Structures are given as structure tokens and as C-alpha cells.
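Visitor: I would like to learn how to read side-chain contacts and strand pairing in a model. Please take me through a case.

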Amino acid sequence: EAVCPSSGAAMNSAQMQFREGTVICGRYRVEQHLGAGGMGRTYLCRDIAGSHRQVAVKILDHGAYSPEPASASSEEFSLLRQLRHPNLVHILDFGVMAGSENLYLVHEWVRGKNLYSATERMATEKIVGHMMDLAASVHYLHARGILHGNLKPPNLFLSEEGSGALRNADFGLLRYSLKTRQ
């Protein structure tokens, strides 16, 4: 388990807060805390050992995901890394935090507003177009035996870069079809 540096008490990732400048897993330097949710905390980081680009690092609470062995989680994250669709963020890295049982997940950083905020003054036709993109990404996942478990406007972003495409930035709790994977 992770341990509080001052008291020595056990901590889970919901209690861990990495400050700006902290290096996570020897590779990701924290630039900003982005938020916390039911699965853990997310940070905007810079990959200082690889691409040097900004990435989102999510520290998953122990118990917020399947209690299966790390090898099973590794298999699931390996599958996620292979997903390539223009409306899904790309999973870049994953692993177990040193000194704890908490998993971390790294995905590309999508600069933009979440769908909930971005559509307040958006024309209906444009919103419908984004919903078509969302449907295409969900179809892509379903065709691979993956069911999305956290599909909601705060987890969908309209990218400020390029075409302003809708990007699904949080897979939440995924369900895999054993029939598809066999």
C-alpha cells in the first residue's frame, strides 16, 4: 500500500494528491490536478522519459476496478492500447504504482471542453453531428466485444485541435465479451 510520508498511515489513491512537479512512476511530471471521480484522480502530466508531450494520467483507486490479478488487468489494458478510432482517446501506458496496488492509466491529453459545457450554445445540427461521431465510436467498441461503462457528457470532449472532433476520454468500467475474445 502507499504510505503517507508524514504519518506512515496507509493511503489509497483517493487520498493521494500529487503536487505540481511530482514525477509519477519515474516518467510523468505533474503539471496540474484535473479532477477526481468515482474511479480515482486524473492529472495533466508531461511525459519526461518519452515523447515529452502532455498526457492525462489517471490513478485508479484500489477496489474501483476488477479485483482480478494484475495480469488480468494488464491483459485488459493491452487490449485498450490496441484500440484506434478517431473519436476515442489513445491509451498510451498502464501499470501498477510502485509501493501500492493502485493501477495507473495514461492516455493522450485532449485539450478542449467536455460535451456538457461545450454544447450550451451549440446549434442542434452540430450536436447531432457529434452524436453521430459518438455512435460510431460506440459501434467500434461493440464490434470488438467491448461495452463502455461510463458514457456521459463530462467524459466526452470536443477537441480544440484539428477538426474539433468529439473524443471519448474516459472508458470507466469496461465489460468485455468472452465470446468475442475466445
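Guide: Start with a charged residue, arginine 167. Its relative accessible area is 12%, and the cut-off for buried is under 20%, so arginine 167 is buried. Keep in mind that this is a predicted model.

Visitor: Which residue forms a salt bridge with arginine 167?

Guide: Glutamate 108 does. The closest N and O atoms are 2.4 Å apart. Arginine 167 belongs to strand 12 and glutamate 108 to strand 8 (residues 103-108), so the salt bridge ties together parts 59 residues apart in sequence.

Visitor: Is glutamate 108 buried or exposed?

Guide: Buried, at 15% relative accessibility.

Visitor: How many salt bridges does a search of the whole structure find?

Guide: Three. Another of them joins the side chains of arginine 27 and aspartate 47, at 2.8 Å from N to O. This pair also links distant parts of the chain. Arginine 27 sits in the loop between strand 3 and strand 4 (28-36), aspartate 47 in strand 5, and 20 residues separate them. Now read the burial of each partner. Arginine 27 is partly exposed, with a relative accessible area of 29%. Aspartate 47 is buried, at 5%.

Visitor: Which side chain does glutamate 31 meet in a salt bridge?

Guide: That of arginine 46, at 2.9 Å from N to O. Glutamate 31 is in strand 4 and arginine 46 in strand 5, 15 residues apart. Glutamate 31 counts as partly exposed, at 26% relative accessibility. Arginine 46 counts as partly exposed too, at 27%.

Visitor: Let us turn to sheets. How do strands of a sheet pair?

Guide: Through backbone hydrogen bonds, in a parallel or antiparallel sense. For the case here, look at an open sheet of three strands, in the order 9-11-12. Its pairing is antiparallel.

Visitor: Which strands are the edge strands?

Guide: Strand 9 (112-114) and strand 12 (166-168). Each of these pairs on one side only. From one strand to the next, the twist averages 35°.

Visitor: How many bridges join strand 9 and strand 11?

Guide: Three, in the antiparallel sense, with strand 11 covering residues 156-159. To place yourself in the register, take lysine 113: its bridge partner in strand 11 is leucine 158. Strand 12, at the other edge, is where arginine 167 of the salt bridge with glutamate 108 lies.

Visitor: Rings next. How many aromatic pairs does the structure hold?

Guide: One. Phenylalanine 18 and tyrosine 43 form it, with 5.6 Å from centre to centre. The planes are 70° apart, and over 60 degrees counts as edge-to-face, so this pair is edge-to-face.

Visitor: Where do phenylalanine 18 and tyrosine 43 lie along the chain?

Guide: Phenylalanine 18 is in the loop between strand 2 (10-11) and strand 3 (23-24). Tyrosine 43 is in strand 5 (residues 40-47). The two are 25 residues apart, and the pair links distant parts of the chain.

Visitor: What is the relative accessibility of phenylalanine 18?

Guide: It is 19%, so phenylalanine 18 counts as buried, the cut-off being under 20%. Tyrosine 43 counts as buried at 1%.

Visitor: Which residue lies over the face of tyrosine 140?

Guide: Arginine 144, at 3.6 Å from the ring centre.

Methods:
Residues are numbered from 1 along each chain as its sequence is written. This is a predicted model: local features need pLDDT of at least 70, side-chain atom pairs count only at pLDDT 80 or more; totals for chains, interfaces and linings use all residues. Side-chain values use heavy atoms; hydrogens and water are left out. Rings of Phe, Tyr and Trp (its six-membered ring) pair if their centres lie within 6.5 Å; planes under 30 degrees apart count as stacked, over 60 as edge-to-face and the rest as tilted. Helices (H or I, at least four residues) and strands (E, at least two) are DSSP runs, numbered from the N terminus. Buried means under 20% relative accessible area, exposed over 50%, partly exposed in between (1.4 Å probe, protein chains only). A charge sits over a ring if NZ of Lys or CZ of Arg is within 6 Å of the ring centre and within 35 degrees of the ring normal. Two strands pair if DSSP finds at least two bridges between them. Axes are lines fitted to C-alpha atoms, for helices over the stretch in contact, and angles run from 0 to 180 degrees between N-to-C directions. A salt bridge is a side-chain nitrogen of Lys or Arg within 4 Å of a carboxyl oxygen of Asp or Glu.
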